[in-house]
Amino acid sequence: FSKSSRLYKLTSKNLLVGQGRLNIDNNTAKIDYSIAEDFRGRGWGYVLLKKLLNKAKNEPRIKKIVPR
């Protein structure tokens, strides 16, 4: 990961549900995430994406957010 990447994990009851990453380049954040197979289809992707969007919106240097 580069210095301009932020890695986040999503857990539930000490289990890893998924991970997400913000790759920041030229004031643009590219969002990338994945959900563990056992947790798919249960709304965890929505939860993780919402958290990643909030993190990106609170980062002053990010002016644009795009999917990867």
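## A tour of charged pairs and one ring pair

Start by selecting Arg 61, which is partly exposed, with a relative accessible area of 35%. Keep in mind that you're looking at a predicted model.

Now add Glu 59 to your selection. The side chains of Glu 59 and Arg 61 form a salt bridge, with N and O 3.8 Å apart. Arg 61 isn't the end of the story: through shared partners, salt bridges join Arg 6, Glu 59 and Arg 61 into one network.

So what holds Arg 6 in that network? Select Arg 6 and you'll find its salt bridge with Glu 59, where the closest N and O atoms are 3.7 Å apart. This pair links distant parts of the chain: Arg 6 sits in strand β1 (residues 5-12), while Glu 59 is in the loop between α1 (44-57) and β4 (64-67), 53 residues apart. Glu 59 is partly exposed at 21% relative accessibility, and Arg 6 is partly exposed too, at 25%.

Next stop: Arg 68 and Asp 32. Their side chains meet in another salt bridge, 3.0 Å from N to O. Arg 68 lies in the segment after β4 and Asp 32 in strand β3 (residues 28-35), so this pair ties together parts 36 residues apart in sequence. Arg 68 counts as exposed, with 63% relative accessibility. The whole structure has four salt bridges.

Finish with some rings. A search of the whole structure turns up one aromatic pair. Select Phe 39 and Trp 44: their ring centres are 6.4 Å apart and their planes are at 90 degrees, so the pair is edge-to-face. Buried or exposed, where does Phe 39 fall? Phe 39 counts as buried, at 15% relative accessibility, whereas Trp 44 is partly exposed at 22%.

How values were computed:
Residues numbered from 1 in each chain as written. Predicted model: local features only at pLDDT ≥ 70, side-chain atom pairs only at ≥ 80, totals over all residues. Heavy atoms only, no water. Phe/Tyr/Trp six-rings, centres within 6.5 Å; stacked < 30°, edge-to-face > 60°. Buried < 20%, exposed > 50% of the residue type's maximum accessible area, 1.4 Å probe, protein only. Helix = DSSP H or I, 4+ residues; strand = E, 2+ residues; numbered from the N terminus.
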